[in-house]
Amino acid sequence: MEGQEPVSGPGPAGVAQPVAEQDAFTRWVYGRPFFGGLWLTLGGLWILVTMKASVKVVLHVGMQGVAGYLLPTLMVLLGLLILFSPAQRLFYSITGVLISMGTWVTSNLGGFMVGLLLGVAGSILTFGWLPDQDPRVSRRERRGSAQRATQDGPAADAGRNGTDTPTAQAVTAAAQ
């Protein structure tokens with residue numbers, strides 16, 4: 001085990017790939033709330049596209065047309081800021097969800113609900129993203145490790161995991 005590179009990320013057939021083997025784009029994507037920023041950006045772009053719809057399709061242009069274009073443009077900007085500056089993701093996500101909800105009134109019911117839902121979902125994904133989080137362990141793996149621990153017993157497990165402290169040694173010596 002000594003001298004091995006740290007491993008992260010699932011590879012083909014469940015085998016973990018070394019960090020050095022992952023390409024730069026994959027590391028960049030996993031280092032930020034990528035899909036949240038992407039969905040918020042796409043929601044803003046969708047609303048901007050629906051603003052160019054024909055007059056028969058347009059339900060409501062908005063307050064003098066300015067807010068109808070301003071809010072989706074801010075959604076695109078916030079989505080790009082989430083992608084390229086993830087340190088401020090909480091502020092961007094809260095602002096993004098408020099602006100997305102505001103497009104209901106100003107921009108064709110939020111781009112006929114598609115842009116509004118993309119913006120809200122992207123903001124929620126961004127708000128819930130946690131950096132440097134350990135990969136999730138499935139229930140099956142947790143259950144298997146718990147069963148192995150009960151089969152091995154506490155004494156075998158204590159020595160293997162390095163939890164054999166001086167206090168435990170003293171108790172063992174006193175019992176003998």
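1. In this note a helix is a DSSP run of H or I that spans at least four residues, and helices are numbered from the N terminus. With that convention, Leu42 is found in helix α2. The structure under discussion is a predicted model, and the points below should be read with that in mind.

2. As for the overall layout, the chain contains 8 helices and 2 strands, and along the sequence these elements follow the pattern β-β-α-α-α-α-α-α-α-α. Of the 176 residues in the chain, 29% are buried.

3. Which residues form the largest nonpolar core? This core has 8 residues, namely Leu40, Ile47, Leu71, Met75, Leu78, Ile82, Tyr92 and Ile99. At least two of its residues come from each of α2 (34-51), α3 (66-84) and α4 (89-106), and among the contributors α3 gives the most, with 4 residues.

4. Helix α2 also takes part in a feature of the surface, since a nonpolar patch of about 450 Å² is made there by Phe35, Trp39, Leu42, Leu45 and Leu125. The largest contribution to this patch is that of α2, which supplies 4 residues. Leu42, one of the patch residues, has a relative accessibility of 40% and therefore counts as partly exposed, a class that lies between the 20% limit for buried and the 50% limit for exposed residues.

5. A reader who inspects the backbone may wish to look at helix α5, which covers residues 108-112 and includes Asn108. Although Asn108 is not a glycine, its phi is positive, at about 50 degrees. Leu109, whose place is likewise in helix α5, is another residue other than glycine with a positive phi, in this case near 55 degrees.

6. Are Asn108 and Leu109 buried or exposed? Asn108 has a relative accessible area of 0% and is therefore buried, whereas Leu109, with a relative accessible area of 30%, is partly exposed.

7. Turning to charge, Arg136, Arg139, Arg140, Arg142 and Arg143 gather on the surface in a patch of positive charge. Arg143, one of these residues, has its place in helix α7, which runs over residues 139-160. Because its relative accessibility is 51% and the class of exposed residues begins over 50%, Arg143 counts as exposed.

Conventions: Residues numbered from 1 in each chain as written. Predicted model: local features only at pLDDT ≥ 70, side-chain atom pairs only at ≥ 80, totals over all residues. Heavy atoms only, no water. Patch = residues over 30% accessible without salt bridge, like charges linked within 9 Å, V, L, I, M, F, W, Y side chains within 5 Å. Areas by Shrake-Rupley, 256 points an atom, 1.4 Å probe, with all protein chains shown as cover. Salt bridge = Lys/Arg side-chain N within 4 Å of Asp/Glu carboxyl O. Lys, Arg positive; Asp, Glu negative; His and termini not counted. Charge placed at Lys NZ, Arg CZ, Asp CG, Glu CD. Buried < 20%, exposed > 50% of the residue type's maximum accessible area, 1.4 Å probe, protein only. Core = buried A, V, L, I, M, F, W, Y, C linked by side-chain atoms within 4.5 Å.
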